[in-house]
Amino acid sequence: MPRSEDQIRKLAAAAGVMLMAAAEALAQDRLAGTGRRIVVSIPDRKLAVVEEGRAVKVFPTAVGAPRTPSPTGTFTLVRRVADPTWYSKGRVVPPGKGNPVGTRWLGLSAKGYGIHGTNAPASIGRNASHGCIRMRNRDVEELFEMVAVGDIVELVGERNAETKRLFGPPAAAVQAAAAALAEAPAAMAGTTGEGQ
């Protein structure tokens, strides 16, 4: 009989540990796994905050220029910085109106890439960045309050069913670019662009 009681105590202890582990996992899922994602359509030059499959907010963006394209794939938001300092090739630009990354930096798990503001708002809607996703400062400030470290960020290089659903039909400029590519000489088909 003592052996049965000992086994029951061990089983009860193991069950308690498992319940605590399950409760901890559930709590972490609620904090980190809100079902929120950021989807960026590079051809549409738009960003959507998606919750439970629905776009709750869409913003215009600038994406990588042809010589410095934006990366594609699924990344994680790893850093949030308000009023960032910009560092590049020995230059340091403190927070303020002249800062190239604007008023907010949302760093991605792709080293050196992020979603940020800009001191060149006229670039929004264009392929103009060094690969990052640029937004108007007021828009990135709003986005900054909507997202958290750990959120998934998907940078989509070609329109698909989800981007069509989120962003609607392609803009006239995107359609014109697609038509121009379709008419490109066959000799160009094998070339690749210079990227990062």
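# Briefing: Asp83, Arg104 and their surroundings

Asp83 has a relative accessibility of 47%, so this residue counts as partly exposed. You are looking at a predicted model, so keep that in mind as you read. The chain has 196 residues, and 35% of them count as buried. Below, we go from the whole chain to its largest pocket, and then to a handful of residues.

**The whole chain**

- The secondary structure adds up to four helices and twelve strands.
- Take the contacts between residues at least 6 apart in sequence: 61% of these join residues at least 24 apart.
- The chain's accessible surface is about 12000 Å², and carbon and sulfur atoms account for 58% of that area.
- How many aromatic pairs does the structure hold? The count is zero.

**The largest pocket**

- The largest pocket has a volume of about 700 Å³.
- Its lining is made up of 25 residues, and Trp86, Val101, Trp105, Gly112 and Cys132 are the ones that lie nearest the centre.
- Which strands each supply at least two residues of that lining? They include strand E5 (73-82), strand E6 (86-88) and strand E8 (104-108).

**Arg104 and its neighbours**

- Arg104 lies in strand E8, one of the strands that supply residues to the pocket lining.
- Is Arg104 buried or exposed? Arg104 counts as buried because its relative accessibility is 15%, and the cut-off for buried is under 20%.
- Leaving out residues up to four places away in sequence, Arg104 touches Val81, Ala82, Asp83, Pro84, Ile115, His116, Gly117, Val140, Glu141 and Phe144.
- With Phe144 there's something extra to look at: the charged end of Arg104 sits over the Phe144 ring, 5.3 Å from the ring's centre.
- Arg80 does this too, with its charged end over the ring of Phe144 at 4.0 Å from the centre.
- Glu141, another residue that Arg104 touches, lies in helix H2.
- Glu141 and Arg104 are 37 residues apart in sequence, yet their C-alpha atoms are 6.4 Å apart in space.
- Setting aside residues up to four places away in sequence, Glu141 touches Thr103 and Arg104.
- Glu141 is partly exposed, because its relative accessibility comes to 28%, which falls between the 20% and 50% cut-offs.

**Two residues with a positive phi**

- Most residues other than glycine have a negative phi.
- Asp83 goes the other way: its phi is near 50°, a positive value in a residue that isn't glycine.
- Where is Asp83? Look in the loop between E5 and E6.
- Glu52 also has a positive phi, near 50°, and is again a residue other than glycine.
- You'll find Glu52 in the loop between strand E2 (46-51) and strand E3 (54-60).
- Glu52 counts as exposed, because its relative accessibility is 76% and the cut-off for exposed is over 50%.

**Residues apart in sequence, paired up in space**

- Met146 is part of helix H2 (residues 137-146), the helix where Glu141 lies.
- Met146 and Val49 are 97 residues apart along the chain, while their C-alpha atoms are separated by 8.2 Å.
- What does Met146 touch, not counting residues up to four places away in sequence? The answer is Arg36, Val49, Val56, Lys57 and Phe59.
- With a relative accessible area of 22%, Met146 is partly exposed.
- Pro69 is in the loop between strand E4 (63-64) and E5.
- Pro69 and His130 are 61 residues apart in sequence, but from C-alpha to C-alpha they are 6.8 Å apart in space.
- Pro69 counts as partly exposed, at 33% relative accessibility.
- Asn160 has its place in the loop between strand E12 (152-156) and helix H3 (161-167).
- Asn160 and Ser41 are 119 residues apart in sequence and 9.2 Å apart in space, going C-alpha to C-alpha.
- Asn160 is partly exposed too, with a relative accessible area of 34%.

Key. Residues numbered from 1 in each chain as written. Predicted model: local features only at pLDDT ≥ 70, side-chain atom pairs only at ≥ 80, totals over all residues. Heavy atoms only, no water. Phe/Tyr/Trp six-rings, centres within 6.5 Å; stacked < 30°, edge-to-face > 60°. Lys NZ or Arg CZ within 6 Å of the ring centre and 35° of its normal. Buried < 20%, exposed > 50% of the residue type's maximum accessible area, 1.4 Å probe, protein only. Contact = heavy atoms within 4.5 Å. Areas by Shrake-Rupley, 256 points an atom, 1.4 Å probe, with all protein chains shown as cover. 1 Å grid on protein atoms, 1.4 Å probe; cavity = no way out; pocket = protein on both sides within 12 Å on 5 of 7 lines; lining within 4 Å. Points joined across faces, edges and corners; volume = space filled by probe spheres on them.
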